[in-house]
Amino acid sequence: MNDSIIFTIDSTYILLPAFLLFLIYLLVATFLKKNYAVGQFTLMLSFAIYFLTMMHLVFFPIEVNLGEYRNLTPWYKSTNFIPVLTIDVKTFVLNIIMLVPFGMYLPFLSRKIRSVKQAARLGFYVSLSFELTQLAIRILLGSGRSTDINDLIANTLGAVIGFLLIRQILRISQAQTVFHKFSLEKRAGID
């Protein structure tokens with residue numbers, strides 16, 4: 001007698017409704033309340049698409065495997081607590097690349113983020129939330145991605161690299177003009 005429940009959760013069922021709700025909010029905030037200019041609308045829309053794509057890559061598909069514990073590796077055996085010495089170079093580089101755009105978005109989203117330390121902190125928090133969510137999925141649903149300290153390091157490094165890249169680009173005067181059109185700090189009608 002097999003009392004296990006096994007199925008797959010595809011990202012479409014979670015991320016598409018989340019995107020549609022955000023899009024409705026963005027359209028209402030832009031066109032009815034006039035909170036965002038066209039550049040800001042574009043920034044928010046592109047950031048939402050980027051962030052949801054990142055979530056798709058990090059979490060999905062989720063293999064739910066409830067009740068069939070005899071074939072599963074315990075969560076603590078699939079968690080890598082050893083930094084640097086256990087790096088898979090390909091995965092490490094891909095995790096860096098994944099958060100480079102996040103670091104580049106930071107100055108557009110808030111002018112309060114001015115230092116590498118702040119960018120590193122935010123990159124760390126985003127990565128930590130991903131790793132802890134992966135761990136929770138593994139524990140609660142019986143399957144999922146492994147949790148790895150090296151992913152945390154790589155993601156934080158990626159956010160810092162992205163922040164440093166955009167900071168260098170913004171030293172060019174033409175880039176500053178574009179920056180001001182997309183930055184969320186300016187509201188529609190205030191230039």
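Leaving aside its neighbours within four places in sequence, which residues is tyrosine 50 in contact with? In this predicted model, the partners are Met98, Leu99, Pro101, Phe102 and Tyr105. Tyr50 also belongs to the largest nonpolar core, so that is a good place to begin, followed by two pockets. In soluble globular proteins, nonpolar side chains tend to be buried together.

**The nonpolar core**
- The largest nonpolar core holds 35 residues, and those touching the most other members are Tyr36, Tyr50, Met54, Phe59, Leu99, Phe102 and Phe130.
- At least two residues of this core come from each of helix H1 (12–32), H2, strand E2 (62–66), H3, H4, H5 and H6.
- H2 gives the most, with nine residues.

**The largest pocket**
- About 300 Å³ of space lies in this pocket.
- Its lining is made up of Pro107, Ser110, Arg111, Ile113, Arg114, Phe163, Ile166, Arg167, Leu170, Gln176, Phe179 and His180.
- Helix H5 (149–169) and helix H6 (173–182) are the elements that give two or more residues to this lining.
- Sorted by class, the lining has six nonpolar, three polar and three charged residues.

**The second largest pocket**
- Here the space comes to about 260 Å³.
- Of the 13 residues that line the second largest pocket, Leu57, Val58, Thr91, Asn95 and Met98 lie nearest its centre.
- Helix H2 (38–59), helix H3 (89–109), helix H4 (116–141) and H5 each supply at least two lining residues, and H3 gives the most, with four.
- By class, this lining has five nonpolar, five polar and three charged residues.

Key
Residues numbered from 1 in each chain as written. Predicted model: local features only at pLDDT ≥ 70, side-chain atom pairs only at ≥ 80, totals over all residues. Heavy atoms only, no water. 1 Å grid on protein atoms, 1.4 Å probe; cavity = no way out; pocket = protein on both sides within 12 Å on 5 of 7 lines; lining within 4 Å. Points joined across faces, edges and corners; volume = space filled by probe spheres on them. Nonpolar A, V, L, I, M, F, W, Y, C, P; charged D, E, K, R; others polar. Core = buried A, V, L, I, M, F, W, Y, C linked by side-chain atoms within 4.5 Å. Buried < 20%, exposed > 50% of the residue type's maximum accessible area, 1.4 Å probe, protein only. Contact = heavy atoms within 4.5 Å.
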